Structures are given as structure tokens and as C-alpha cells.
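I opened the notebook to look up a few local features of this model and to write down what I found for each. The entries run by topic, and each term is explained where it is used.

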Amino acid sequence: MTTEKLNDCTKTPGAVSRRSFLFGLGATAAVVAGSGLTGCAPQGSAPAASAPQNAGGDDLATTGNADGDDLMTDTVQDALAKPAKNQESKEADIVVIGSGIAGMSCAVEASLAGAKVVILEKNSTMTGGDSSICTGNFYCCGSEKQNSMGYTEYGTAEEIAQFLFDQSDGDANMDICRMVAENGGAAMDWLVGFGCDFDKKPGDGVSDRSMVSTNGGKGIIDTLIGVAESNGAELMMDTRALQIIMEGGKAAGVIARSGDTDYTISAKAVMLACGGFDGEDWSKQLYAPGTVGWHTFSTPTNTGDGIEMAREAGALTLLKGGLSQIHLVGRDPLPLNDELSQLRMVNTGVFVTDLGYRCANESMTSQFDYFVPFVQSGRKEFTIICDSQQPAERMDLIKKAVEKGVASTADTIEELAVAAELPQYPLVKTIEHYNELCAAGEDPDFHKKPEDLQALTQAPFYAIQITPNTNDSFGQLAISTKAEVLDEGRQPVPGLYAGGTIANAELFYMRYAVSGASMCMGTVTGRIAAQEAMKYYGA
């Protein structure tokens, strides 16, 4: 998550509503969201859970993608259907599922208060999930750290809450927005107290709300793990949570698997912090079908396990099909820190699909805003078409892109189509039409800013390869301001808490609001989950 600039232009007409998105682009996601499977397992048992189903009602041992290919699933239901050879038991006060920012914030807060904490991490080699591979941006206001460095032009918590709400197109829960905004500054200071350090995010026009870890996301996670373990928390790597044990309608532990052993871990409370669902194509097919085949930055272990475990425990799921999208340069994408990544957005260019048709408002200044038009197009490959009327610095980058093989060049649009392997006739007609809009000074198709309507007339012309990429998931579980997981009646599931990505259903909608919002939200909800869980069981 490396940008903060936001879309300040008119929205593309026809933006998908929740209903049209689910029914039009994500029938499977709609079924998953509405099926509401619930279940109750006695302590120490692992019965076969209800499998997710597709729109036709068939169990999804495989699920088909848009190309008609079968994608083999690996849901928690699939795993539970094949019990492990060995069985062991453990006990804890709180079981935390996931070692990212939310999970580790919960583990630290609870272990410091004397709770016996067991942390389950599905990955065998890496802690922290997406939190460890992110930059460590943190979006907040009112922290002592910001104040001490003179970064005080951050407004109020209510203004941040309203900003988050507005970025969701009104789909967020204002109480959740306020919870994050009001506690964000204290959350960052809490991290600073353990030795984490922050500075203002570099760049022109960056607000005083946007801070960044000096040691990246991994530095934060490593610090929290050290604190938790020094206070007695146990971190179990290569251990996949499969089921929440429910007794009398209350969360009473977790069944987890490591190698050939199934662990029944009895607990007084359970905290879900196991990330999103965009780590594999089969899980994207279940929860956000329009993104199957896209590149992803997310860890492969992010496959929606928490969604299925929570649903089986009676939780409300709010699957909206949204993902955070940061598009990349190249068909075999270049790293985000490559200098050519600056070519991801060319405001005077034309964004086209692999079919040669225009698909987006190129004036949008936030890469996150391209998620909706990319999904609406139904395509997996995109190209930016531009001419030589570019600033000198950008032209230098474009020429380097041609040398590196991630851009093509030609003296005519017809020749460019051939060089870029795009359909010639549609591309020529697309550029002709676009130039007509430029001449008229108005873009009724996508509402591009008039100052960016620059006709493509000066050869040579260029085609820059663009690949859509996901790096976070939106819309999973609904939580209260106490980080309690809510059921279908919006009442708390006793003993069950959630934070971070899996709990962002009522903070984000179809696009990511701003860099740093997730790290802030994860820290806030993790701490609150620990505090409220200990109150719940009377610590």
C-alpha cells in the first residue's frame, strides 16, 4: 500500500452497487454471503462441516473460473473431511488465529495483562501475513509521535471518520469508522512504546495523517512477537485453524492442524485475525470472482479460512466482492519499487483492455479507484496508450520501459496495435473517438478532467503493459465497536472476536480508502479485542 493520493475527479458513471456487483459479477460470492451456514461442535470433535456451494447448489470441491477451468479448493471444510492421524489437546485463555498486526496486537495486549495466549499461524515460514510484507503505513491523528515531530495539521478524529465513510461511498458503518479514527493515535503511540518508530510518509502533498514505520511492516510484527513471547504467549507456526469450537452458543476454543496432528485447544475466548481471501485463485473465485487470474501481493495462506469458520459459528458475513488493487507495470509484473512503476498511471493516456476498448477515467489519482473499472471490464490485462507529448522525466521512463520489454512503440496506432498484440480495428477506433472527445473538451464516457484531455497525435506512440494486482480483501465479518463478531441478528457471538482485514466489512467497500488505514485498524481492533475478551471471561 504505497499511495495516499485520492480520486478528486467525478466518478465514473455506472459504478456498481453492492447488489449489481454480487449478482452481475459475483454470483458465487452472493450465494456464499447469503447461505448463512451455522454449526455447533462439541469440544474435542471435528465433524465434517458444511461445504461452500456455488450458484447451482453444488459442493465446491472444485469451482469454475471465468475461463471455464476447474480450480481445486482447499477450504477448511475440505481439510476437516480428512482428519489427521494424531490428536492432542491444549488450553489457553485466548486463542488468536493469525499473527498479523491485529492478531499480534491482541496477543501483546492480552499477554501483558497476564492472559495465557496461543497464536496460530498458518504459514510455515513467515509470520505476520500481509502485515509483514507491507510498507508499514499508518493513517491516524492526535498521536504524541506526530505532535512531537510537528505533524499537527491532521484535523480531528471525526473528520477522519467522515473521510473513511465517504471513501466507502456511504457503505461503511460510521461507528466503526469512529472507532478506528478515535483510537488510531493512541494505537501508534502504543507501538512506539515497544520500540517501533514512525516518520511522516515521504512525497509531495502527503498529509500529516500519513505516517510510516521506519522498519516497515515486518519490523512492527517482529517487535510485537518478541513482546508477546517474552510475556508467555505461544506462537504455533505451520498450524491452520479449521474450526471454532462452540459450546452452548459460545466460542470455547479452536480445532487446528499442524502436520499429522489435530489440536483441540480449549479457550475462554477466540480472536479471528487470519486475513483475507485473495491469496489464491480458488478463494478469489469463491469470494470475488471478478479478480480470478489477477496477480496478487497477498500471502498464499489468505484463502478465507476465517470466513468459513465464523459462518459455521453463526456469524454474519458481508461479502461485497471488493479488494484493494494496486496495478503493476508489465505482463510479468515489475516490483512495486521499480522506477518504471511510476508509469502505472498516465493522466494524458488512454487505459484500454486487451480487447482494445477504453475502460477507465485516466484522471483518477488513486490506484485503488481502478479496481471497479477493471472488474467491470471483465478483463485481466490492460494497456496505457500514450503519445510523445509527455514531460521529459516521464518520456525517459517510457523509453526505459520499451528497452525493458514492458512497453511497445510505433509510429502509428495501427502499427502500435500490432507491436502490443492488441486488436487493431478496435484500438484505432478507440483512439479516434478519444481524440474527438479531446477536441470537444469534454469526456461524457468516463468524465476525465478537461485539463487531461490531450489528443494522441504526436508520434511515436507507446503502449505500456499493465497488470491488475490485489493486496487486501474487503467485506468479510461484521464486528461491534468492542470487536465482537456479530451474528445474523447483529448480536455478538459470545466469546468470538475479530480484527484487521477479516473484520473490515463495515470500514471499506469496493476500494481501499487510503494507505495506512489497514495497519491502524488492525492495531486498534486487536487491542480492543483483547481488552473486551478479558472482560468477557472475567480476567
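The entries below cover a sheet, a buried strand, a cavity, a pocket, a glycine and some backbone details.

**Ground rules.** I note that this is a predicted model, in which local features need pLDDT of at least 70 and side-chain atom pairs count only at pLDDT 80 or more, while totals for chains, interfaces and linings use all residues. Residues are numbered from 1 along each chain as its sequence is written, and side-chain values use heavy atoms, with hydrogens and water left out.

**Entry 1, a three-stranded sheet.** I looked up the strand order and found an open, antiparallel sheet that runs β5-β7-β6; strands here are DSSP runs of E with at least two residues, helices are runs of H or I with at least four residues, and both are numbered from the N terminus. Two strands are taken to pair if DSSP finds at least two bridges between them. At the edges I find β5 (137-139) and β6 (198-200), each of which pairs on one side only. From one strand to the next the twist averages 35°, with axes as lines fitted to C-alpha atoms (for helices, over the stretch in contact) and angles from 0 to 180 degrees between N-to-C directions.

I then followed the bridges strand by strand. β5 and β7 run antiparallel and are joined by three bridges, and N137 stands opposite V212 of β7. On the other side, β6 pairs with β7 (residues 210-213) in the antiparallel sense, again over three bridges; D199 has V212 as its bridge partner, and K200 has M211. Which way do the residues of β7 point, and are they buried or exposed? S210 and V212 point one way, M211 and S213 the other, and all are buried, where buried means under 20% relative accessible area, exposed means over 50% and partly exposed lies in between (1.4 Å probe, protein chains only).

**Entry 2, strand β15.** I checked β15 (residues 350-353) in the same manner and found both of its faces covered, with V350 and V352 on one side and F351 and T353 on the other, all of them buried. β15 pairs with β16 (residues 382-386) in the antiparallel sense over four bridges, and V350 stands opposite I385.

**Entry 3, the cavity.** How many cavities of 30 Å³ or more does the structure hold? I find one, and the largest cavity has a volume of about 40 Å³. A cavity, on a 1 Å grid over the protein atoms alone, is a set of points where a 1.4 Å probe fits but cannot get out; a pocket is an open set with protein on both sides within 12 Å along at least five of seven lines; lining residues have an atom within 4 Å of a point. Grid points are joined across faces, edges and corners, and the volume is the space filled by probe spheres set on them.

The lining of the largest cavity includes Y139, I160, V180 and C520, and α7 (157-167), α8 (174-192) and α16 each give it two or more residues. The largest share, three residues, comes from α8. By class I record eight nonpolar residues, one polar and no charged; Ala, Val, Leu, Ile, Met, Phe, Trp, Tyr, Cys and Pro count as nonpolar, Asp, Glu, Lys and Arg as charged, and the others, Gly among them, as polar.

**Entry 4, the second largest pocket.** This pocket encloses about 680 Å³ of space, and of its 47 lining residues G128, G129, D130, S131 and N302 are the closest to its centre. Elements that supply at least two lining residues include α4 (101-112), α11 (305-312) and α16 (517-536), and the largest share, four residues, is from α16. The lining has 17 nonpolar, 25 polar and five charged residues.

**Entry 5, G526.** I looked at G526, found in helix α16, which counts as buried because its relative accessibility is 0%. G526 and M104 are 422 residues apart in sequence, yet 7.3 Å apart in space, C-alpha to C-alpha. Leaving out residues up to four places away in sequence, G526 touches A102, S105, C106 and M271, a contact being heavy atoms within 4.5 Å.

**Entry 6, backbone details.** A459 and P460 are joined by a cis peptide bond with omega of about -5°, and P460 is found in the loop between α15 (424-440) and β18 (461-467). H447 also has its place in the loop between α15 and β18; its phi is positive, near 60°, in a residue other than glycine, and H447 counts as partly exposed because its relative accessibility is 33%. A483, likewise not a glycine, has a positive phi of about 65°; A483 is found in the loop between β19 and β20 (484-486) and counts as buried, at 0% relative accessibility.
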